[in-house]
Amino acid sequence: MTAPNDDFLTKSTANILDSIKSPADLRRINARHLRQVADELRAETINAVAVTGGHLGASLGVIELTVALHYIFDTPNDKLIWDVGHQAYPHKILTGRRDRIKTLRTGGGLSGFTKRSESEYDCFGAAHSSTSISAGLGMAVARDLAGEQHNVICVIGDGAISAGMAYEAMNNAGAMNRRLIVILNDNEMSIAPPVGAMSNYLTRLLSSPTYMSLRDIGKQVANHLPKFFKEKAYLAEELARGFVTGGTLFEELGFYYVGIVDGHDLGQLLPVLENVRSAGNGPFLVHVRTQKGKGYAPAEASKDKYHGVVKFDVATGKQQKGVSNAPSYTKVFGESLVKEAAKDDKIVAITAAMPGGTGVDIFAKAFPDRAFDVGIAEQHGVTFAAGLATQGFKPFVAIYSTFLQRAYDQVVHDVAIQQLPVRFVMDRAGLVGADGPTHAGSFDLAYLGCLPGFVIMAAADEAELVHMVATAAAINDRPSAVRYPRGDGVGVVMPEVGVPLEIGKGRIITQGNTVALLSLGTRLAECTKAAETLAAHGISTTVADARFAKPVDRELILQLAREHELLITIEEGAIGGFAAHVMQLLSEAHALERPGFKVRSMILPDVFIDHDSPPAMYAKAGLDANGIVNKVFDVFGSRHAAELQPAEIEFLAERAERRRQANAVNGRAKGTA
């Protein structure tokens, strides 16, 4: 590490952060200036997120820790891994991305998480929690096999470290005894209470080379004692450290525990991290206490500490509100489940650390004894629900589509094979916008659709979601799933109560005779717009809502195939989903052999689509009204009019949207359950 000096800071440098283009520049600064660096970094982070929205609270909580880590360790040669990535904004500012920080989570801008392709300082991509220690251990082993000497540091939160994967990794790391440094960023859960100045002193003492040497000497002496005395000596040493530091659990896993460190006190952080950096082999865990939202009064006063925010006013902290009058899908689910549970005391709700994000918090207020947050433990949550189902209860497992991927074996083995009536509620289906590909619900139609016995529904709008919650509540002989997107609904008339749908039956929205658009999910509105545009060019179009991805509506699909020249399926999912089931049915029924009949599928492209606004992402995927119209013209070629000009498409789409909204408000939409 380059020796710090004051020459690097000129008298004209009012803002030290302006002089820092990389961590190497940070390490040239005298330590006494780091407090100012942290203050400037906090202000920069607040100002950036005010423009873009994002995960503010976690980033504010690690400002001092970020400065200390990049100051003590030789990044990027030393590998720094941020678990989840919610707290990585200050890291991005210090690692050469300050000039782009106000592009966070926007199209073509910086990712809201760490991303390997974005910077050499992002040594591991993150977004799903609890992966850092496993990845770090892999890097540590690779370092040792290559004969290298650099450090590997993993920063993991108190919520993330509670997940099973983190403990699997720590157990393996302890057994391997590889050199690895884990920073436990504890901003909520009190693993052990701090005890003031004495605790601070002992923390520094326990991390010092002198203490480590004495402890090793003590162990060597104990090894020469008779068995009885040796066991008692080890027990006394373990209990003494556990009483003072709370680190017994981590020590049992093979880690050398250091803590608790005040994560906002650079005077504590710097010497402790320096001691750990200079220590010998083996895994270390440094327990750091931080405050989420630290240093920004509105965040500190907020219940969620501004975990995730939209654009806001820096002076007041007031967040911008959306202009939609439609309820969010998440809220519709929560309120619908409450109504179903009021009629059936066997209904329970389960979520994995996302009660607010899934609507389970709404259910929990009405039925606190029947709502269960299992923490970041999707695997456990699914099998926990399976156990409830064996005893006659009706569990609704509300987990984002992208997070349910983490529990796939449990879905297959513990639910599907046993045909247990567990109801999966998958929020954030399809493309989600600013959080990008790590949070997109792209694959659930494929990974659930291949499982025997599943019923899979996709809501076309918020009213349909109400009915599908009622449908799931009524399914008692097999597993089921409902998927819906992030954000607000489309503003349809809402039913007072949900009415169970006939399993595996779709509906026709508008009737035509040339092209059939068979939609699954919320692309239905885009199909309606596309049908209006096609009608303007003399192409008569049927629009149908499949409702069910499994079982598919055999009668409806074969009818559409018989009565139209072209059938197009449209879904917000990857290859292998709904379209595959439709194609299988058409093939088995020999419908593909009819002369002149064509079938096409419109799915998410076989790439990971980077973050942007949802409309922009769907346009890029070709799954908007324009894309549907162009798909029809691609198939029919010169037989029909050439492609419309963009302005003409926009005009026709707006006219179609006005008509659709008028129908919805008047409750005259065809096929409403």
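Let's start with helix α2, residues 34-52. This is a predicted model, so keep that in mind throughout. Helix α2 has 19 residues. From first C-alpha to last, α2 reaches 27 Å, close to the 27 Å expected at 1.5 Å a residue. What follows α2? Gly 53 does, with a positive phi near 75°.

Stay on α2 for its charges. Arg 42 in helix α2 forms a salt bridge with Glu 64. The closest N and O atoms are 3.0 Å apart. Glu 64 sits in helix α4, residues 63-72, and the two partners are 22 residues apart. Are Glu 64 and Arg 42 buried or exposed? Both are buried. The pair also belongs to a network: Arg 35, Asp 39, Arg 42 and Glu 64 are linked by salt bridges.

Now the wider count. The model has 30 salt bridges. Two more deserve a look.

Take Lys 394 and Asp 344. Their side chains meet at 2.6 Å, N to O. Lys 394 lies in strand β8, residues 394-398, and Asp 344 in the loop between α14 (329-343) and β6 (347-351), so this salt bridge ties together parts that are 50 residues apart in sequence. Lys 394 is buried, and Asp 344 is too.

Then Arg 483 and Asp 444. That salt bridge is also listed at 2.6 Å, N to O. Arg 483 comes from strand β11, residues 480-483. Asp 444 comes from helix α20, residues 444-449. The two are 39 residues apart, and the pair links distant parts of the chain. Both Arg 483 and Asp 444 are buried.

Next, the rings. How many aromatic pairs does a search of the whole structure find? It finds 13. One of them is Phe 250 with Tyr 257, a stacked pair. Centre to centre, those rings are 5.8 Å apart, with 0° between the planes. Phe 250 and Tyr 257 are both buried.

Compare Tyr 306 and Phe 312. Why is that pair edge-to-face? The ring centres are 6.1 Å apart and the planes stand at 75°, and over 60 degrees counts as edge-to-face. Tyr 306 has 8% relative accessibility, so it counts as buried. Phe 312 is buried as well, with a relative accessible area of 6%. Add Tyr 296, and Tyr 296, Tyr 306 and Phe 312 form one aromatic cluster.

Rings also meet charges here. The charged end of Lys 346 sits over the ring of Phe 393, 4.4 Å from the ring centre. Likewise, the charged end of Arg 523 sits over the ring of Tyr 618, at 3.8 Å from its centre.

On to backbone geometry. There are two cis peptide bonds to show you. One joins Gly 259 and Ile 260, with omega about 5°. Ile 260 is in strand β4, residues 256-262. Another joins Lys 550 and Pro 551, with omega about -5°. Pro 551 lies in the loop between β15 (548-550) and α23 (554-563).

Positive phi values also turn up outside glycine. Val 84 has phi near 65°. Val 84 is in the loop between β1 (79-82) and α5 (89-97). Its relative accessible area is 12%, so Val 84 is buried. Gln 419 has phi near 50°. Its place is the loop between α19 (408-416) and β9 (423-426). Gln 419 is partly exposed, with a relative accessible area of 31%.

What about empty space? The search of the whole structure finds 1 cavity of 30 Å³ or more. About 30 Å³ of space lies in the largest cavity. Which residues line it? Thr 569, Ala 579, Val 582, Met 583, Val 599, Arg 600 and Ser 601. Two elements give two or more residues to that lining: α24 (578-588) and β17 (598-602).

Last stop, helix α26, residues 625-636. Its 12 residues should span 16 Å at 1.5 Å a residue. The end C-alpha atoms are 17 Å apart, which agrees. Why call α26 largely enclosed by the rest of the structure? Because 9 of its 12 residues are buried. Among them are Ile 628, Val 629, Asn 630, Phe 633 and Phe 636.

Notes:
Residues are numbered from 1 along each chain as its sequence is written. This is a predicted model: local features need pLDDT of at least 70, side-chain atom pairs count only at pLDDT 80 or more; totals for chains, interfaces and linings use all residues. Side-chain values use heavy atoms; hydrogens and water are left out. Helices (H or I, at least four residues) and strands (E, at least two) are DSSP runs, numbered from the N terminus. The expected span of a helix is 1.5 Å times one less than its number of residues. Rings of Phe, Tyr and Trp (its six-membered ring) pair if their centres lie within 6.5 Å; planes under 30 degrees apart count as stacked, over 60 as edge-to-face and the rest as tilted. Buried means under 20% relative accessible area, exposed over 50%, partly exposed in between (1.4 Å probe, protein chains only). A charge sits over a ring if NZ of Lys or CZ of Arg is within 6 Å of the ring centre and within 35 degrees of the ring normal. A salt bridge is a side-chain nitrogen of Lys or Arg within 4 Å of a carboxyl oxygen of Asp or Glu. On a 1 Å grid over the protein atoms alone, a cavity is a set of points where a 1.4 Å probe fits but cannot get out, and a pocket is an open set with protein on both sides within 12 Å along at least five of seven lines; lining residues have an atom within 4 Å of a point. Grid points are joined across faces, edges and corners, and a volume is the space filled by probe spheres set on the points.
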